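Reader: I'm new to this one and would like a close look at a single part: the place where the two chains meet. Could you walk me through it, and then show me a bit of what surrounds it?

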Protein chains: 2
Amino acid sequence: MLEIEIKAKMDRPEALREAIRQMGGLLRGKEDQEDRYFCHPSRDFSETDEALRIRRVGRAFSLTYKGPKIDPVTKTREEIETPVGDGAEAGRILERLGFQERATVLKERERYRLGEFHVMVDRVEKVGDFVEVEKEGSSYTPEELVEFLASLGVGRGAIERRSYLELLLEAREGR
Amino acid sequence: MLEIEIKAKMDRPEALREAIRQMGGLLRGKEDQEDRYFCHPSRDFSETDEALRIRRVGRAFSLTYKGPKIDPVTKTREEIETPVGDGAEAGRILERLGFQERATVLKERERYRLGEFHVMVDRVEKVGDFVEVEKEGSSYTPEELVEFLASLGVGRGAIERRSYLELLLEAREGR
């Protein structure tokens, strides 16, 4: 499956929430997510632009592979995912196979629905506030997502293609 | 978790079923299992004596890592397992990570309970008929399993430490 979405940094998440409300957006849910990212035993994911993670939302776990980004503006990429019953055991399996845990990204996510768009308002620990937008279906262009963000008051300059993992690692290294 | 179990080849599975019945064994279930085994991208599992598989039983999937065998008689080894919701997606994730499918082992398994022992009577496609025995708890010796097998009429000479995967690959290569 292709995951077509765009992400932008926000300095004032309250202004965004207000814009979503005014456009008739509905809060669909709020959750804490814990994403454990792993390194490959014989491949440098930071060079191949791939990622492997175990996500926990409440007591539910999933295993996700993300392929390289294939679009210059959005963070569109192949995404393959399956629920897993036991996240700790899944992590131990990866470790035995030589995958080492790289970092854990913790975030609070609010999920809104605005017409055909899914809007996620994320507060990412040690990284900051972000908005992510996805649209259902596959027949649309990245530019549509950029225009939709603009309609929420988020300019093109705020668009961020780096992943939360990359941003967290950069913040740690003081870049 | 340590998986402490022993396996033996059977030429006459009917005689074993009869022995189980006479000792009061109860048939707990019968199922078709499909085990897809994968190769590691940078490690030779046949040398490290490890295994990674996705098992399907009916519509339920699990992901299992098996460490090297640590006992000279039985096939005792570390086993780490988690249910996975989508076996096909889990397989695709492994393939993207460089794990290649090695072979698929298909078997019909009958599961019996005999006191503290779990007895599995397996018919493995292209490999043959086998019996596997496990005991609950951890405070017992491999010799107990050997003696239990003998009580079912299965001699020490029939004990097989090679995995079904190894046996299948050897059968294919005509060894």
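Author: What follows starts at the meeting of the two chains and then moves on to a few spots elsewhere.

One thing before we start: this is a predicted model.

Let's begin with how the two chains sit relative to each other. Turn chain B by 180°, with 0.0 Å of shift along the rotation axis, and it superposes on chain A with an RMSD of 0.0 Å. The two copies are thus related as by a two-fold rotation axis. If you want to find that axis from the side of chain B, look for B:Val84: its C-alpha is 2.1 Å away, the closest approach of any residue of chain B. Both copies use the same surface here, since 100% of the contact residues of chain B recur in chain A.

Now the interface itself. On each side there are 26 residues in contact, 26 from chain B and 26 from chain A. Together the chains bury about 2,000 Å², and 67% of that is on carbon and sulfur atoms. Three residues stand out on the side of chain B: B:Ile93, B:Arg96 and B:Leu97 supply 32% of the area that chain B buries against chain A, more than any other three residues.

There is a polar side to this too. Across the interface you'll find 2 salt bridges. One to look up is the pair A:Glu78 and B:Arg96, whose closest N and O atoms are 2.6 Å apart. So B:Arg96 turns up twice, as a partner in a salt bridge and as one of the three residues that supply 32% of the area buried by chain B. Beyond the salt bridges, you can also look for polar contacts, which join 13 residue pairs across the interface. As for where the touching side of chain B comes from, S5, S6 and H3 of chain B each give two or more residues. S6(B) has the largest share, with 6 residues.

Next, go inside. The largest nonpolar core has 26 residues, and those that touch the most other members are A:Leu52, A:Leu97, A:Phe99, B:Leu52, B:Leu97 and B:Phe99. Both chains feed it: strands S4 (51–57), S5 (60–69) and S6 (77–84) and helix H3 (87–96) of chain A, along with S4 (51–57), S5 (60–69), S6 (77–84) and H3 (87–96) of chain B, each supply at least two of its residues. As a general point, nonpolar side chains in soluble globular proteins tend to be buried together. For a feel of how the chains mix, click on B:Leu52. Leaving out residues up to four places away in sequence, B:Leu52 touches A:Ile93 and A:Leu97 from the other chain, and its contacts in chain B include B:Phe45, B:Leu63, B:Leu94 and B:Phe99.

You can stay with strand S4 but switch to chain A, where A:Ile54 is found. A:Ile54 is buried, with a relative accessible area of 2%. Not counting neighbours within four places in sequence, the residues in contact with A:Ile54 include A:Phe38, A:Phe61, A:Leu63, A:Ala90 and A:Leu94.

Back in chain B, B:Asp35 lies in strand S3 (residues 26–39). With 1% relative accessibility, B:Asp35 counts as buried. Its side chain has polar contacts to look for: one of 2.7 Å with the side chain of B:Arg55, and another of 3.2 Å with the side chain of B:Lys107. Among the other residues in contact with B:Asp35 are B:Ala103, B:Thr104 and B:Val105.

Further along chain B comes helix H5 (residues 164–172), in which B:Tyr164, B:Leu165, B:Leu167, B:Leu168, B:Leu169 and B:Glu170 are buried. Those buried residues pack against S2 (5–10), S3, S7 (100–114), S8 (117–124) and S9 (128–135) of chain B. Just past H5(B), B:Gly174 has a positive phi of about 75°.

Finally, look at a loop that appears in each chain. A:Lys126 sits between strands S8 and S9 of chain A, and it has a positive phi of about 70° although it is not a glycine. Most residues other than glycine have a negative phi. A:Lys126 is exposed, at 67% relative accessible area. In chain B, B:Lys126 is in the loop between S8 and S9, with a positive phi near 70°. B:Lys126 is exposed as well, with a relative accessible area of 66%.

Definitions and conventions
Residues numbered from 1 in each chain as written. Chains lettered and ligands numbered in written order. Predicted model: local features only at pLDDT ≥ 70, side-chain atom pairs only at ≥ 80, totals over all residues. Heavy atoms only, no water. Least-squares fit on C-alpha atoms with pLDDT ≥ 70 in both. Contact = heavy atoms within 4.5 Å. Core = buried A, V, L, I, M, F, W, Y, C linked by side-chain atoms within 4.5 Å. Buried < 20%, exposed > 50% of the residue type's maximum accessible area, 1.4 Å probe, protein only. Helix = DSSP H or I, 4+ residues; strand = E, 2+ residues; numbered from the N terminus. Buried area = accessible area lost by both parts, 1.4 Å probe. Salt bridge = Lys/Arg side-chain N within 4 Å of Asp/Glu carboxyl O. Polar contact = N/O pair within 3.5 Å; in protein donor to acceptor, adjacent residues only side chain to side chain.
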